[in-house]
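Work through the exercises below with the sequence and the 3D structure at hand. Try each task before you read its solution.

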Amino acid sequence: MPRIDLLSGDAVTIPLQLKRGSDLLHDPVLNKGTAFTDAERDAFGLRGLLPPRVMSQDEQLARILPGVRSKPSPLEQYAYLVALHDRNVTLFYRLVMDHLEELMPVLYTPTVGQACEEFGRIFRRSRGMYISAADKGHVAEVLANWPQDDVRMIVVTDGERILGLGDLGANGMGIPIGKLTLYTACAGVSPNECLPITIDVGTNNTALRESHSYVGLRQPRLRGAEYDALMDEFVEAVQARFPLACLQFEDFGNHNAFSLLERWRDRICTFNDDIQGTASVALAGLYSAARISGTPLRDMRLLFLGAGEAGIGIGDLVVEALCSEGMSLDAARQHCWFVDSKGLVEHSRTDLAEHKKPYAHAHAPVSTLLEAVELLKPHAIIGVSGTPNTFTKDVLEAMAREHARPIVLALSNPTSKAECTALQAYAGTDGRAIFASGSPFAPVTYQGKTHVPGQGNNAYIFPGVGLGVIVSASSRVTESMFATAARTLASLVTEDDLAMGRIYPSLSRIREVSRAIAIEVATMAFDRGLARVERPADIAAAVTDAMFQPHYVSLL
């Protein structure tokens, strides 16, 4: 007797008799709780194991939502939602999808940062996989333990650079879990196809390592050739175990992030969201801001605070976009300037990492961001430093002196790391800033006008890109896909959005956004010969059909 997969609606061969009674109730994928019908209760030995009233999913939601809202803090809400996922995956996603604007800040930034910091304390039930330095030589055997064979999206971290919080080691598992939650909630990637992984190679966070609640290896972080060999073994094992999976690298330290992407991007289906996803959402914001300021991207000078993964990623994608308009590579790079911890990235410096050197332009040394703003007169300042309060009043006023509508993107996460708040941006520019941030800020009323800040959240980009890659079974994730995603996102910003000062669509439209991006990405994969499945007659319909819907399916 075949059963129906509740997450896809497809018939599969595992007999239902393998899950009965309490075993069925304790399976979060199959469990429907009080929504099991009378017939299902009789057929699967559930009679008496549940309260007698049969509830609809809508009735369950009406009971669950007040419980979430009653919790005294976002972290307590996070723990409540994790517990719901642990017992009923379908109901969890129905709740999240129906209330995404309210719950996304709980399940991801900014709350996920605190959840990672306190991961050991709130840990109840394991999700995903942990591969440790001790598994070297046996990674394939470890991956064989995962119960699902058709994994299509993997998010992996080694926990070294969690948001702006630094080295959290194995506690960083909250990030892959959160990212994959958004893949499902925002783009409908089936939960069955998602796998969060943490590579535990130790941590250099001594206080964390010595904490009684820490769940990871109590050893300093593995480096050098041993680390590289473990990562090579991991990537190769993933390719063997899950050949159609897209591997997303997340929250690695700068050196490893760039080197892993460079090593694998042209060999497997992979990307780094911190580099490429952030770049895409920032580029989309610049396209939208251009509609307000009247200055097109090709005429903008951009100044970045921070020259790590996010900053260089944005710069590279801006250059890609300008080159696609016919600009030369050297000319395009001249539009992007960087300030790091030692000042302006310029040609006389001898301390620059390789990824910064293409942006080391001819200029006299400059030691501060304020001086760089005053000398370069950028149309946009883009904060990706992880250092709060660096877009000071003086910096913002300098921006406002040079431009009628200065662009201020304070993209560092979580909220505590933002380069400035929304109120500071508007107050420092006499209400003229075009502002967006990485974490959400509430609307601000300044001098009688209400401004609605945009949130430059990568969730506008990576779920749709991932869905398009899955539908096409693309063998690669290309820079052109992220440029296309940025243009698609920007095209969905309405005039009403811009009138409010918002340079991104409302999060309430996120599934519409993800679907549109997925269609463009899948089309590009088919057009460029990257797809590993037959081209469907209607790509848009194929994308829609692939999107998971969190509805209960009858087991009879």
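**Exercise 1.** Decide whether Q447 is buried, partly exposed or exposed, and find out where along the chain Q447 has its place.

*Solution.* Start with the scale, on which buried means under 20% relative accessible area, exposed means over 50%, and partly exposed is what lies in between, with a 1.4 Å probe and protein chains only. Q447 has a relative accessibility of 61%, and therefore counts as exposed. Next, look at its place, which is in the loop between β14 (444-446) and β15 (449-451); helices (H or I, at least four residues) and strands (E, at least two) are DSSP runs, numbered from the N terminus. The backbone of Q447 also deserves attention, since its phi is near 50°, a positive value in a residue other than glycine. For background, most residues other than glycine have a negative phi, and most peptide bonds are trans.

Before going on, note that this is a predicted model, in which local features need pLDDT of at least 70 and side-chain atom pairs count only at pLDDT 80 or more, while totals for chains, interfaces and linings use all residues. Residues are numbered from 1 along each chain as its sequence is written, and side-chain values use heavy atoms, with hydrogens and water left out.

**Exercise 2.** Describe the phi of D430, and decide whether D430 is buried, partly exposed or exposed.

*Solution.* D430 has a positive phi of about 60°, although it is not a glycine. Its relative accessibility is 45%, so D430 counts as partly exposed. Along the chain, D430 is found in the loop between α19 and β13 (434-437).

**Exercise 3.** Which residues does a cis peptide bond join to P110 and to P414?

*Solution.* In one case the cis bond joins T109 and P110, with an omega of about 10°, and P110 lies in the loop between α6 (100-107) and α7 (111-117). In the other case the cis bond joins N413 and P414, with an omega of about -10°, and P414 lies in the loop between β12 (407-410) and α19 (422-428).

**Exercise 4.** Build a picture of the surroundings of N457, beginning with its place in the chain.

*Solution.* N457 is in the loop between β16 (454-455) and α20. At 5% relative accessibility, N457 counts as buried. Leaving aside neighbours within four places in sequence, N457 is in contact (heavy atoms within 4.5 Å) with M104, T109 and V281. A polar atom of the N457 side chain also lies 2.8 Å from the backbone nitrogen of A459. Finally, N457 and G438 are 19 residues apart in sequence, and their C-alpha atoms are 5.6 Å apart in space.

**Exercise 5.** How many residues of helix α20 are buried, and what follows this helix?

*Solution.* Helix α20 spans residues 462-472, and eleven of its eleven residues are buried; among them are F462, P463, G464 and V465. The helix is followed by A473, whose phi is positive, near 50°.

**Exercise 6.** Which residues have the most contacts inside the largest nonpolar core, and which helix gives the largest share of this core?

*Solution.* A nonpolar core is a set of buried Ala, Val, Leu, Ile, Met, Phe, Trp, Tyr and Cys residues joined through side-chain atoms within 4.5 Å. The largest one has 153 residues, and those with the most contacts inside it are I197, F234 and L286. Its largest share, eleven residues, comes from helix α23 (residues 510-527). Not counting residues up to four places away in sequence, F234 touches I131, V139, V156, I197, I199 and L247. Apart from this core lies another, of 28 residues, which includes L369 and A372.

**Exercise 7.** Which residues of helix α14 or elsewhere does G285 contact, and is G285 buried or exposed?

*Solution.* G285 lies in helix α14, and at 1% relative accessibility it counts as buried. Leaving aside neighbours within four places in sequence, G285 is in contact with I503 and Y504. The C-alpha atoms of G285 and M399, which are 114 residues apart along the chain, are separated by 18 Å.

Methods. A polar contact is a pair of N or O atoms within 3.5 Å; within protein, one must be able to donate a hydrogen and the other to accept it, and residues adjacent in sequence count only if both atoms are side-chain atoms.
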